Every structure is written in C-alpha cells, then in structure tokens.
Amino acid sequence: MGFPVEAFTGALDDEFICAVCMEVMEKPLMIESCEHIFCEECLEGCRKSNGKCPLDRTSISGVRAPHRSYVNTIGRLRIKCKFRDLDC
C-alpha cells in the first residue's frame, strides 16, 4: 500500500501511482521481465496470489528496485502538512 494521493501538493505524474492500490508508490519494486513498477506490498500480494504482473499478466520471475532516479523523484514529491487544517 502506498501513500494517499490527496496527501500531496500539485499534480502527480501517473508513473508514480501504483496500478494496484492507486496510491503514490511506497518502496517501489520493478518486475524484471516487463519493467512495471508497483509498491512492494502490492507486488508481494500479486506474487502470492497468482505470480503474475497485474498489468500484462507476465510471470513475476524476478524483482528489483527501480533506477535510483525514479526513487529519488518520488522522494522529492511535496507532501501537504498534516496540520494544515490548524493553519500550519
């Protein structure tokens, strides 16, 4: 499970949204064969349920972290202050 989209400021690029949980990816992992990226927890759920990529149904034979620049870009997304309702 990722981070709620509404917790972020501005527009978010679709490539940072997990196709399983529809949230901003948390601990992203990439399927080596098709290079689709999902949250670690979501991908583990897919591996346990049927062992296939939820987007193209290829077998999940190996996973790895996506390129460091992808992870760094997610890390630079701006999050709304959780105290914004208290005039933070």
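## A tour starting from helix α1

Select C42, L43 and C46 in helix α1: these residues are buried. Looking down the axis of α1, the buried residues fall within an arc of 95 degrees, so they line one face of the helix. The arc is that of the directions from the helix axis to the C-beta atoms. Buried means under 20% relative accessible area, exposed over 50%, and partly exposed in between (1.4 Å probe, protein chains only). Helices (H or I, at least four residues) and strands (E, at least two) are DSSP runs, numbered from the N terminus.

Before going on, note the conventions. This is a predicted model, in which local features need pLDDT of at least 70 and side-chain atom pairs count only at pLDDT 80 or more, while totals for chains, interfaces and linings use all residues. Residues are numbered from 1 along each chain as its sequence is written, and side-chain values use heavy atoms, with hydrogens and water left out.

**Around α1**

Now turn to the other side of α1, where E41 and K48 are exposed. Return to the buried residues of α1 and show what they pack against: β1, β2 (37–39) and β3 (63–64). Contact here means heavy atoms within 4.5 Å.

Next, pick L43 alone. L43 belongs to helix α1 (residues 40–49), and at 0% relative accessibility it counts as buried. Leaving aside neighbours within four places in sequence, the contacts of L43 are L29, I31, F38, I60 and V63. To check one of these, draw a C-alpha to C-alpha distance from L43 to L29: the two are 7.5 Å apart in space and 14 residues apart in sequence.

**Across to β3**

From L43, move to V63, a residue of strand β3. V63 is partly exposed, with a relative accessible area of 23%. With neighbours within four places in sequence left aside, V63 is in contact with L29, M30, I31, E32, L43 and R47. A second distance to draw is V63 to C53, which comes to 11 Å between C-alpha atoms for residues 10 apart in sequence.

**The aromatic pair**

Rings of Phe, Tyr and Trp (its six-membered ring) pair if their centres lie within 6.5 Å; planes under 30 degrees apart count as stacked, over 60 as edge-to-face and the rest as tilted. By this rule the count comes to one aromatic pair. Select F16 and Y70 to see it: the pair is tilted, at 5.3 Å centre to centre and 45 degrees between the planes. F16 lies in the segment before β1 (28–31) and Y70 in helix α2 (residues 68–75), so the pair ties together parts that are 54 residues apart in sequence. Both F16 and Y70 are buried.

**Positive phi angles**

Most residues other than glycine have a negative phi. Three residues are worth selecting with that in view.

- G51, just after α1, takes a positive phi of about 70 degrees.
- M22, in the segment before β1, has a phi near 60 degrees, a positive value in a residue other than glycine. M22 is exposed, with a relative accessible area of 52%.
- R57, in the loop between α1 and β3, has a phi near 65 degrees, also positive in a residue other than glycine. R57 is partly exposed, at a relative accessible area of 44%.

**Toward the C-terminal segment**

Select R84, in the segment after α2. R84 is partly exposed, with a relative accessible area of 41%. Draw a line from R84 to D13: their C-alpha atoms are separated by 23 Å, and the residues are 71 apart along the chain.

**The whole chain**

Zoom out and colour by secondary structure. The protein has two helices and three strands, and from the N terminus on the elements run β-β-α-β-α. The C-alpha trace spans about 50 × 25 × 15 Å along its principal axes. Of the 88 residues, 32% are buried. Among contacts between residues at least 6 apart in sequence, 41% join residues at least 24 apart.

Switch to a surface view. About 5900 Å² is exposed, and carbon and sulfur atoms supply 51% of it; accessible areas come from the Shrake-Rupley method with a 1.4 Å probe, and for residues only the protein chains shown count as cover.

Finally, colour by charge. Lys and Arg count as positive and Asp and Glu as negative, while His and the chain ends are not counted. The place of a charge is taken as NZ of Lys, CZ of Arg, CG of Asp or CD of Glu. There are 12 positive and 14 negative side chains, and the centres of the two sets lie 4 Å apart.
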